[in-house]
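Thanks for making time this morning. I would like to walk you through one model, going from a single pair of residues outwards to the sheet, the helices and the cores, so please keep the structure open while I talk.

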Amino acid sequence: MSWQIYVGDDLMCDFDRHNLVAAAIIDHDGTVWAQTCKFPDFKGQEIEAIMKDFDEPGSLAPTGLHLGDTKHIVIQGESGAVTRGKKGAGGITVKKTNQALVIGIFEKPVTPGHCNTIVERLGDYLIEQGLWISSQVSTSSFHILYTVSALHLLFHV
């Protein structure tokens, strides 16, 4: 299965004729599953800090959300599920799933609401489809789960 399809087709989709600047799907340990070419190089500590904020809401507020060379001011999110940041006319949305982070970065004319919608809908969709499994499930079980979910989508859409 290629996670790049989700990044290219879903996260980088046209939204009112505009796109996100960059997007990625990264596991909780910082391993990149898929990303756009403009997604910033980041440090493992930055992903650790984002993960900590999901476990301890508000922990990023004093220092900001750092990703690559960019510091975002942390704004409202959903405790344990979504973290949002703002920098000038742009910002970032991070949706947490069982195994990964779905991340979108935007600049004007894309609005924070558009970025939130794109990132959070993909994260919610993947969770609902059972594609985001817990770490206890084996790889072969994942492929079976993915195949069943894909067949369900194919025949029930």
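**From one bridge to the whole sheet**

Let me begin with a small detail, which is that K86 has G91 in β6 as its bridge partner. Please bear in mind throughout that what we are looking at is a predicted model. A little further along, K87 stands opposite G90, again in β6, and in total six bridges join the antiparallel strands β5 and β6. The hairpin that these two strands make has two residues between the strands, and within this hairpin G88 takes a positive phi near 60 degrees.

On the preceding side we find a related arrangement, in which β4, covering residues 70-78, pairs with β5 in the antiparallel sense over four bridges. Here E78 has V82 in β5 as its bridge partner. The hairpin of β4 and β5 has three residues between the strands, and G80, which sits in the turn, has a positive phi of about 80 degrees.

If we now step back, these hairpins belong to an open sheet of seven strands with antiparallel pairing, and its order is β2-β1-β7-β6-β5-β4-β3. The edge strands are β2, residues 32-35, and β3, each of which pairs on one side only. From one strand to the next, the twist averages 25 degrees. For the overall count, the protein has four helices and seven strands, and read from the N terminus the elements run α-β-β-α-β-β-β-β-β-α-α.

Next, the helices that lie on this sheet. Helix α1, residues 4-11, lies across β1, β2 and β7, and it runs at about 145 degrees to β1. Helix α2 lies across β1, β3, β5, β6 and β7, running at about 65 degrees to β6.

I would like to stay with α2 for a moment. It spans residues 44-55, so to speak a run of 12 residues, and reaches 17 Å from its first C-alpha to its last, close to the 16 Å expected at 1.5 Å a residue. Which residues of α2 are buried? They are E46, I47, I50, M51, D53 and F54, and because they cover an arc of only 155 degrees around the axis, they fall on the same side of the helix. As a general point, an α-helix has 3.6 residues a turn, so residues three or four places apart point the same way. On the other side of α2, Q45, E48 and D55 are exposed. The buried residues of α2 pack against β1 (22-27), β3 (65-67), β5 (82-87), β6 (90-96) and β7 (100-106).

That brings me to the cores. The largest nonpolar core has 18 residues, and those with the most contacts inside it are L11, L20 and I25. At least two residues of this core come from each of α1, β1, β7 and α3, the last of these being residues 112-128, and α3 gives the most, with five residues. There is also a second, separate core of 16 residues, which includes I47, V94, L101 and I103.

Within the largest core, what does L20 touch once we leave aside its neighbours within four places in sequence? Its contacts are L11, M12, G104, I105, F106, V110, C115, I118 and V119. One of these, F106, lies in strand β7, and it is buried because its relative accessible area is 3%, where the cut-off is under 20%. The C-alpha atoms of F106 and L20 are separated by 4.7 Å, although the two residues are 86 residues apart along the chain. With the same exclusion of sequence neighbours, the contacts of F106 include V21, G91, I92 and C115.

One last residue, away from the strands and helices themselves, is T36, whose place is in the loop between β2 and α2. Is T36 buried or exposed? At 12% relative accessibility, T36 counts as buried, and, not counting residues up to four places away in sequence, T36 touches V7, M12, V21, A22 and A23.

To finish with the chain as a whole, 40% of the 157 residues count as buried, and residues 24 or more positions apart account for 47% of the contacts with a separation of 6 or more.

Technical notes:
Residues are numbered from 1 along each chain as its sequence is written. This is a predicted model: local features need pLDDT of at least 70, side-chain atom pairs count only at pLDDT 80 or more; totals for chains, interfaces and linings use all residues. Side-chain values use heavy atoms; hydrogens and water are left out. The expected span of a helix is 1.5 Å times one less than its number of residues. Buried means under 20% relative accessible area, exposed over 50%, partly exposed in between (1.4 Å probe, protein chains only). The arc is that of the directions from the helix axis to the C-beta atoms. Contact means heavy atoms within 4.5 Å. Two strands pair if DSSP finds at least two bridges between them. Axes are lines fitted to C-alpha atoms, for helices over the stretch in contact, and angles run from 0 to 180 degrees between N-to-C directions. A nonpolar core is a set of buried Ala, Val, Leu, Ile, Met, Phe, Trp, Tyr and Cys residues joined through side-chain atoms within 4.5 Å.
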